[in-house]
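The following exercises concern ligand contacts and helix packing. Each task is followed by a worked solution.

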Amino acid sequence: MMENSRIAMSIGTALDRFIKSHQEQFKYATGELSQLLRDIALSSKVVNREINRAGLIDLAGSSGSMNQAGDNQQKLDVLANIRFIRALKKGGEACAIISEEEDSILEVNKDANYVVAIDPLDGSSNIDVNVSIGTIFSIYRRITPAGEPTTEADVLQPGINQVAAGYVLYGSSTMLVYTTGKGVNGFTYDPSLGEYFLSHPNMQIPEDGKIYSINEGSYNSFTPAVKAFVEQCRERQLSGRYIGSLVADFHRNLLKGGIYVYPTTEKSPNGKLRLMYECNALAFVVEQAGGKASTGSQRIMEIQPTDIHQKVPFFIGSKKMVERAEALHKQPAGSTA
Ligand code: P6P
C-alpha cells in the first residue's frame, strides 16, 4: 500500500501523469494548481525551442529596451516573458502575476485563486555565449476571496506561504525541478516526444559540500563576514565554481552539494537577487531538499516582502555550508576582519 503522502513514481513517468497522481496532496485539490504547473511546463517547452534556435532566428542579443530595474533586456527575456504570461492568462488559474520583466503587478483573472511570481529567463546575458540559463517560478494561494480584485496583500506574502515553486534549467538537457511542499522532483525534457519525464525523484541536497559559488571579483566590497567566509572556503580548499547563471549554479550545488552566495556589494547594496521570484522559489526547493537559504542572518522564507522587486542578500545550498556563513555573520563586528 503506498503511503498517501508520498506516491512513489517510477523514473520515466511523464510530468502530466506525475502532477495528476499527486494532486490529492494539495490542500485545495481541485486541479487548479495542477493546471498552473502544466501551464508553466508548456511555456517552458516553447521557450526551450526558441533558446535552442536563438542564434539562427536572430533572437540572441539585446532587445534595446530596459526592465524596471534598468537591466538591459535581451530579446529572449522579452519573448519568454510574453510566453509565460500568455500561457498563464490562457490557463485561467492565475489571479495575478509578478514578473522581473514587468514594472507592476499584472491583474489576470479575478476569479482565480493563485498568484504567480516569475523570472521568465534568468541569466539571459549568457545566451549569446551558449551558457545554461533558467526560469524560476513561485506560486501562492491568494488571501482575499476569489471574485475580488487582487490586493498587495495577496502578492506580498512571505516565502513560507508558497504552495509550489521550482525552476527550469535550459542546459545540456532541459530540466524542470519543482516542489509542492512534499519533496523535490526533477524532470528531463525529451524534445523528440515534447514531454518531461521523471528523471530525479525525491532530490536531496548533500548536507555539506566542497563547492562555493560567488563572484570573487567583488571581494573588495564584501562585508568582513563574507570576506571571512570566502577565506574559510579557500582554507578548506573548496572548489570555486561560478557560472554567472543562478539556476545553473544552484542546480549543480543541489545535486553535488555546495553553496551559492550573492551578498551585498558596492554595486548591489541590498544584494542583486529578487526575493519574490528568485530567492523565495529556490529557498522553498532547497529546504524541501534538506538545505538552507538565508540572507546570512535571516531565513529567506520568513522575510515579509515590502516590494515586488525587492532585493536581498542570498546564501543558499548545503545546510552545513549556509550555517558556517551564518555563524560568521553572528560574530561581533571586527572579530572577522
Ligand atoms: P554578477 C544573472 O544576471 C544573475 O541574476 C544570476 O543568474 C547570476 O548568478 C548573477 O546575476 C551574476 O551576477 O554580478 O556576478 O555578474
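**Exercise 1. Ligand surroundings**

In this predicted model, a polar side-chain atom of N215 is placed 2.9 Å from an oxygen atom of the ligand. Identify the distances at which the side chains of Y242 and Y262 approach ligand oxygen atoms, and list the residues around the ligand.

*Solution.*
Step 1. For Y242, a polar side-chain atom lies 2.6 Å from an oxygen atom of the ligand.
Step 2. For Y262, an N or O atom of the side chain is 2.6 Å from a ligand oxygen atom.
Step 3. With a cut-off of 3.5 Å for a pair of N or O atoms, the N215 distance of 2.9 Å can be entered as a polar contact.
Step 4. The residues around the ligand are D122, G123, N215, Y242, G244, S245, L246, Y260, Y262, K272 and L273.

**Exercise 2. Helices α6 and α7**

Classify the mutual orientation of α6 and α7, and describe the residues at their contact.

*Solution.*
Step 1. Helix α6 covers residues 246-256 and helix α7 residues 275-288; their axes come within 12 Å and cross at roughly 15 degrees.
Step 2. Angles under 35 degrees count as roughly parallel, so α6 is roughly parallel to α7.
Step 3. The crossing of α6 past α7 is right-handed.
Step 4. From α6, L246, F250 and L254 meet E278, L282, V285 and V286 of α7.
Step 5. By class, this contact of α6 with α7 comprises six nonpolar residues, no polar ones and one charged residue.
Step 6. L246 thus links two exercises: it appears among the residues around the ligand and in the contact of α6 with α7.

**Exercise 3. Helices α2 and α3**

Determine how α2 and α3 are oriented, and give the composition of their contact.

*Solution.*
Step 1. The axes of α2 (residues 32-53) and α3 (residues 75-91) come within 9 Å, crossing at roughly 150 degrees.
Step 2. Because angles over 145 degrees count as roughly antiparallel, α2 is roughly antiparallel to α3.
Step 3. Their crossing is right-handed.
Step 4. Contact residues of α2 include Q35, L36, D39 and I40, and those of α3 include L76, L79, A80 and R83.
Step 5. The contact of α2 with α3 divides into eleven nonpolar, four polar and three charged residues.

**Exercise 4. Helices α5 and α8**

Which term describes the orientation of α5 and α8 to each other?

*Solution.*
Step 1. The axes of α5 (residues 224-235) and α8 (residues 319-330) come within 8 Å and cross at roughly 135 degrees.
Step 2. The two helices, α5 and α8, are therefore oblique to each other.
Step 3. The crossing of α5 past α8 is right-handed.
Step 4. A225, V226, A228, F229 and Q232 of α5 meet M321, R324, A325, L328 and H329 of α8.
Step 5. The classes in this contact of α5 with α8 are seven nonpolar, two polar and one charged.

Terms used. Residues are numbered from 1 along each chain as its sequence is written. This is a predicted model: local features need pLDDT of at least 70, side-chain atom pairs count only at pLDDT 80 or more; totals for chains, interfaces and linings use all residues. Side-chain values use heavy atoms; hydrogens and water are left out. Axes are lines fitted to C-alpha atoms, for helices over the stretch in contact, and angles run from 0 to 180 degrees between N-to-C directions. Helices (H or I, at least four residues) and strands (E, at least two) are DSSP runs, numbered from the N terminus. Angles under 35 degrees count as roughly parallel, over 145 as roughly antiparallel, 65 to 115 as roughly perpendicular and the rest as oblique. A crossing is left-handed if the near helix is turned anticlockwise from the far one by less than a right angle, and right-handed if clockwise. Contact means heavy atoms within 4.5 Å. Ala, Val, Leu, Ile, Met, Phe, Trp, Tyr, Cys and Pro count as nonpolar, Asp, Glu, Lys and Arg as charged, and the others, Gly among them, as polar. A residue is near a molecule or strand if one of its heavy atoms lies within 4 Å of it. A polar contact is a pair of N or O atoms within 3.5 Å; within protein, one must be able to donate a hydrogen and the other to accept it, and residues adjacent in sequence count only if both atoms are side-chain atoms.
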